Amino acid sequence: MKISTKYFALIICLMITFLQLPAQGFDLNKFSNPKKYGWEDYSDRNEYRQDLIERQELLQLYEIKAKSISYTMAKSAIFPGWGHYSIESYSKGHTFLTGGVILAGAGLYFYSRSQDYYKNYKNASQIDVINSNYDKAEQNYNTSMIFLAAYAILWSYNLYDSSESTEKYNANLWEDLMNNRFDNISLTPGGLEVRF
Amino acid sequence: MKNILKLIVIVFVISMIACGLDRSNPLDPENGNIDTPKLVTGIELSCSGQGAINKFVTINWEPLQFNESNGYFIYRSQSYDGTYDRITVVRDNQQSSYTDSDKIIPGAYFYKMSSFVYLNPANPNDNERLEGPLNRPGEPGIMVPQ
């Protein structure tokens, strides 16, 4: 009977000890102390909260304005430079589009000429006509291949650059949003613009 | 970036080497199916004399061997650099002359000749014959008198 009383007392002590541990770990003062986050007082805390809300709003704006890399690359794959236009990189867009049109156009032009000469070659039965048409067909074909290969290189670089430029655009977009968040007044070509 | 550029250059070089036009014309000697016909040599022109009623121009040449030619084409024009029309096909490769009396009026006449070979000489087909290089007579042309 004595033993059981001792055990009972021990169990009670242990329970009290273990129940006290979490209460000791949680410091209400420390929890509610704003200085822990570098806030001197509640106005600092409010400023921080306001800043957080603004950042969340900017993040929403960023998500609307930011461009997906796969989206710009898909556009650039269809027409070189199209992806750059969508990220407002107009000079690069002009360069890729103009270069692409010139190279692809020249390549197709020479390929078409080579096919005309090749058709004449296949229908020819005189040795001079055969040789002449084959030589011209081959010459135009090689020229077309040079232009089309140059187009392929330009197209590939355009894809690569659209990916890189989109990353830069998104990075700059966030910086611009952060820098301009208090700039409600801006100078535009149309005059002063005030945003509310 | 450098790896991508290297890959592009390699693909470009391979495509330039691999691509090309086939010599798919069966009459192309480069295929090895047919030999180029020989140039017709020794071409000489003579014509009817002054006052002849039936005017003509006779063309003579040196006949080629059977393995060098299966026949000849003869072309005529009334100007040196003008369009030459084919006036006849000589199917006998041993023939060495031809007399042109078709619509011959007094004036200048210019001729060219070539030989041809059949793709399959054992089974001659006019649609499968290769014409050799064109040759002119030693003289630029001939003047048929009144």
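Two strands count as paired if DSSP finds at least two bridges between them. The legends below use that rule for a predicted model of a complex.

**Figure 1. Strand 6 of chain B and its partner strand 7.**
Strand 6 of chain B covers residues 107-118. Strand 7 of chain B covers residues 129-131. The two run antiparallel and are joined by 3 bridges. One residue pair fixes the register for the eye: B:Val117 has B:Leu130 of strand 7 as its bridge partner.

**Figure 2. Strand 6 of chain B beside strands 3 and 8.**
Strand 3 of chain B, residues 71-77, pairs with strand 6 over 7 bridges. The sense is antiparallel. Look for B:Arg76, which stands opposite B:Tyr111 of strand 6. Strand 8 of chain B, residues 142-144, also pairs with strand 6 in the antiparallel sense. Here the count is 3 bridges. Which residue of strand 8 is the bridge partner of B:Tyr109? The partner is B:Ile142.

**Figure 3. An open sheet of 3 strands in chain B.**
The strand order is 1-2-5, and the pairing is antiparallel. Which strands lie at the edges? They are strand 1 (44-47) and strand 5 (97-100), each pairing on one side only. From one strand to the next, the twist averages 20°. Strand 1 meets strand 2, residues 57-60, over 4 bridges. Within that antiparallel pair, B:Cys47 stands opposite B:Val57 of strand 2.

**Figure 4. The loop residue B:Gln95.**
B:Gln95 sits in the loop between strand 4 (85-90) and strand 5 of chain B. Is B:Gln95 buried or exposed? B:Gln95 is exposed, because 12 other C-beta atoms lie within 10 Å, and a count of 12 or fewer defines that class. Neighbours within four places in sequence aside, B:Gln95 is in contact with B:Pro63 and B:Val90. B:Asn60 offers another reference point. The C-alpha atoms of B:Gln95 and B:Asn60 are 9.2 Å apart, with their positions 35 residues apart in sequence.

**Figure 5. Helix 6 of chain A, end to end.**
Helix 6 of chain A spans residues 90-123. Does its length agree or disagree with expectation? At 1.5 Å a residue, its 34 residues should span 50 Å. The end C-alpha atoms are 49 Å apart, so the two values agree. Several residues along this helix are buried, among them A:Gly93, A:Phe96, A:Leu103 and A:Gly107. Further along, A:Phe110, A:Ser114, A:Tyr117, A:Tyr118 and A:Tyr121 are buried as well. An α-helix has 3.6 residues a turn, so residues three or four places apart point the same way. The buried residues of helix 6 pack against helix 5 (82-86) and helix 7 of chain A.

**Figure 6. Where chain A meets chain B.**
The contact involves 18 residues of chain A and 18 residues of chain B. On the chain A side, helix 6 (90-123) and helix 7 (127-179) are the elements that give two or more residues. Which helix gives the most? Helix 7 does, with 12 residues. By class, the chain A side divides into 12 nonpolar, 3 polar and 3 charged residues. The predictor gives the complex an ipTM of 0.82 and a pTM of 0.70.

**Figure 7. The two chains, shown separately for context.**
Chain A has 7 helices and 2 strands. Along the sequence, its pattern reads α-α-α-α-α-α-α-β-β. Chain A holds 196 residues, and 19% of them are buried. Take its contacts between residues at least 6 apart in sequence: 57% join residues at least 24 apart.

Chain B has 1 helix and 8 strands. Its elements run α-β-β-β-β-β-β-β-β from the N terminus on. Of the 146 residues in chain B, 23% are buried. Among its contacts between residues at least 6 apart in sequence, 65% join residues at least 24 apart. The mean pLDDT of chain B is 88. In chain B, 90% of residues reach a pLDDT of 70 or more.

Technical notes
Residues are numbered from 1 along each chain as its sequence is written. Chains are lettered from A and ligands numbered from 1 in the order in which they are written. This is a predicted model: local features need pLDDT of at least 70, side-chain atom pairs count only at pLDDT 80 or more; totals for chains, interfaces and linings use all residues. Two residues are in contact if their C-beta atoms, placed from the backbone, lie within 7 Å. Ala, Val, Leu, Ile, Met, Phe, Trp, Tyr, Cys and Pro count as nonpolar, Asp, Glu, Lys and Arg as charged, and the others, Gly among them, as polar. Axes are lines fitted to C-alpha atoms, for helices over the stretch in contact, and angles run from 0 to 180 degrees between N-to-C directions. A residue is buried if 20 or more other C-beta atoms lie within 10 Å of its own, exposed if 12 or fewer, and partly exposed in between; C-beta atoms are placed from the backbone. pLDDT is the predictor's confidence in each residue, from 0 to 100. The expected span of a helix is 1.5 Å times one less than its number of residues.
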